[in-house]
Amino acid sequence: MKTKHLSVLVLFVLLSLNLAGCWNSRELNELAIVSGIGIDRVMDTGKLRVTFQVVNPSATTTTQGASTNQSPISIYTVNDRTVFGALRRASKQATRQLFFAHAQLLVIGESLAEGGMKDVLDIFERSHELRLNTTVLVSRDTDAESILKVLLPQESVPSIGLGKKAENTSKVWGETPQVSVFETIKEITGGGGFTISGVRMLGNVEEGQKKASLEQTKAETSILISGQAVFNKGKLMNWIDGPEARGAQWILDKIYETNLNLDSGDQAKAIAVNVVFSKTKIKVEMRDGLPIFHIRINEEGNLNETQSAVNLSQNHEIRKLEAEMEKLTKKEVQEAFQAAQKAECDYFNLGNEFKRVNPAEWKKVEKDWNQIFAKGTLELQVHAFIRATGMRVTPLKAPE
Amino acid sequence: MKKEIIGPSQMFAMIVLFEMGTAIVIPIGLESGHAVWLSILMALPGGVLLYLIYNDLYRQFPNLIISGYTRKILGKYIGWPLSLLYIPVLMFNGSRNLREAGDLLISASYDRTPILIINSIMIIAVMYILNKGIEVFARTAEIYFWIMMIMGLVCNGVVIMAGLVDFKNLFPLHYKDWMDALTSAYPNIWIFPFGELVCFTTVLPYLKKSGISGKMGVTAIILSGFLLCFTHAIEISVLGMDIYSRAAFPIYTTITLVNVANFIQRLDALVILTLIIGVFFKMSIYCFAATVITADLFKVKDYRRLVVPVGVIVLFTSFISAENYISHLNEGKVFLKYFLPAICAVVPILLFLVHRIRKRFGLYR
């Protein structure tokens, strides 16, 4: 009896060893947390140059004041043919094993984007550590490495800051989208064109990577979200900016909030309306072998500022402004649409919409859809509503 | 049969957990494109019909398991070898479930742990519970049924809350989609997961009241069919057809995308838990069925004595059968096409018909 109890005890102890699950253990203090990844193509060798932005934990503590003089991040740059190869090769430089589950940002270098970026996305899908909801940005007029090197004010980890920048501007200004790796893969496999926000550097890297650059009120080097990179068949084709870019967002139904400066009777662009709701509906129809795109936009906004003397207590004045709003939206959408037609690239996903609704017809036009798209006509309908005028009804006036 | 008895709600829970098992985690019915959810619904009536056949056989022989009445209906000389065939098929399918769970765990987080360790920990739990008997197992199922339901609710809830669902990926359905859905529903989804209920022919004799087996089983199958349909529809609507079809475990990819207000995220643990619970029950029932049939055929008095040998065979089959996950999947295609339908559908239907004919013409002595 006694031996039986003893053997059971031994068995329990042995089993509990299994339950601790130490086989795959990785301790936090043996990991280097990667916050951002940048990928460029090295032109002469064809290899990838992968840049890792690694967080220095002691330098990013939330307590204010310079506790250490260490930079909050370190940069490792590695050349390899594959991304995974690069991240393992980085072990030669890093003191700890790189850990990717918290990567917030992927910067695609312009050089890589021009040659097609689909190959580097595979590891994001396949790996269990890399996340699909990492934000993607394309570096503009510079390489991904430099973008990741620059320190940002306010946010101690620049990758997190850039992710927030992309999100913020896409939500309140609406000129650029915030795109994740998941969405990028979806767009690439969907076959159509697509756009990704661009990121650009003002100033130079040498200054920007020094902590000293943050010791002044205006940082020496700054990084800003700028325009949209247009991809056709997975390759960077051109950049769109300003009204073209926002028009594209409108067609894609990605406007959350944006500002429209409207003309009023006496002054141009003097009334600011904040669009707070916008919904786009698309219908594609083929007539005589050419597509007709019915795009219907409903938008609602609040009047937030007026510098011109309009009598807002009058219904017809509001109507006029609404008409003005519709006109402006129409103009931007048409501009964006014409730009896409001129470039012969359907980055509004109109082709996929047609494919979804009418797969039989799509088969016939699939092969040269971009050319057919370029000849299509746009039937645009915009309905705008101004719902509120803020804390005052009529604007202030100085007696003459 | 013996003193062990199972209540109706326990039976219900066992059937639902069994159906959810692996079918909720791996992509099923890929031929049907974005209409997978439709083909699950199409396969559901067939699954119910098949269950009614098993149930009818059970009602005719309320004290016998499948190997028992196979011998009664087809005679000793055909029935015994035919019943013997059940054992390897059931054990192999059990081992496949084990392999899928092990592979998900390895590719999801335990990348350096050998599959032997992961699988053996799981099979030890199965052997333990079967050693305690089917009654204990059924009570466990009753508890885990609710855990599964709550986890399913949470998972689906957060995916919807995160605003990831895009119904454009599910509609519209064209004529071709309906045809594709039908061809993948029969026989593929009909057999996996619905036809696999053939295992329950060994569990049914333990029911407390035999009268409720039909109604309760059908309800459980319909519930699990709808749950499967709903979950796969959500997966496709989130991932889109392309990623869904390329993913090894679409539900895992779906849940990693969840991010509600930068606060609720990284819920992958829930998916892994779902899989482990589902596979545990599914595999246990497979092992149980194999054990009881062996005990019946070789006249072993207590089936519990066979639990360990069966478990060990299932464990080793699970990683010897295929050198990697790809060949495991390819094996599965062949297995699903030829072997499983024979055991799950052809033999029971044959038994059903032969029994009817013999009864009608008074051919039983």
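Helices here are DSSP runs of H or I at least four residues long, numbered from the N terminus. With that settled, keep in mind that what you're looking at is a predicted model, and let's start with the empty space inside it.

Search the whole structure for cavities of 30 Å³ or more and you get 1. The largest cavity holds about 100 Å³ of space. Which element of chain A gives the most to its lining? That would be helix 7, with 3 residues. Helix 7 covers residues 181-190, and along with strand 8 (194-202) it makes up the set of elements that give two or more residues to the lining.

If you want to select the lining in your viewer, pick A:Val179, A:Glu183, A:Thr184, A:Glu187, A:Gly193, A:Phe194, A:Thr195, A:Leu252, A:Lys254, A:Tyr347 and A:Asn349. Chemically it's a mixed bag: 4 nonpolar, 4 polar and 3 charged residues. And where does the cavity sit relative to the domains of chain A? Domain 1 (27-61 + 68-240) and domain 2 (242-400) both give residues to the lining, so the cavity lies between them.

Now over to chain B, which has 12 helices and 2 strands. Walk along the sequence and the pattern reads α-α-α-α-α-α-α-α-α-β-β-α-α-α. The chain's radius of gyration is 20 Å, and the globule rule gives 21 Å for 365 residues; those values are close, so chain B is as compact as a globular protein of that length. Along the principal axes, its C-alpha trace spans about 70 × 45 × 35 Å.

How much of chain B is buried? Of its 365 residues, 58% are. The contacts reach a long way along the sequence, too: take those with a separation of 6 or more, and 85% of them join residues 24 or more positions apart.

To zoom in on one spot, try B:Thr274, which is found in helix 10 (residues 268-297) of chain B. Is this residue buried or exposed? With a relative accessible area of 11%, B:Thr274 falls under the 20% cut-off, so B:Thr274 counts as buried. Set aside the neighbours within four places in sequence, and B:Thr274 is in contact with B:Ile24, B:Met148 and B:Met151. For a sense of distance, take B:Ser95: B:Thr274 and B:Ser95 are 179 residues apart in sequence, and their C-alpha atoms are 18 Å apart in space.

Technical notes. Residues numbered from 1 in each chain as written. Chains lettered and ligands numbered in written order. Predicted model: local features only at pLDDT ≥ 70, side-chain atom pairs only at ≥ 80, totals over all residues. Heavy atoms only, no water. 1 Å grid on protein atoms, 1.4 Å probe; cavity = no way out; pocket = protein on both sides within 12 Å on 5 of 7 lines; lining within 4 Å. Points joined across faces, edges and corners; volume = space filled by probe spheres on them. Nonpolar A, V, L, I, M, F, W, Y, C, P; charged D, E, K, R; others polar. Domains from an automatic or database assignment. Rg over C-alpha atoms; globule rule 2.2 N^0.38 Å. Buried < 20%, exposed > 50% of the residue type's maximum accessible area, 1.4 Å probe, protein only. Contact = heavy atoms within 4.5 Å.
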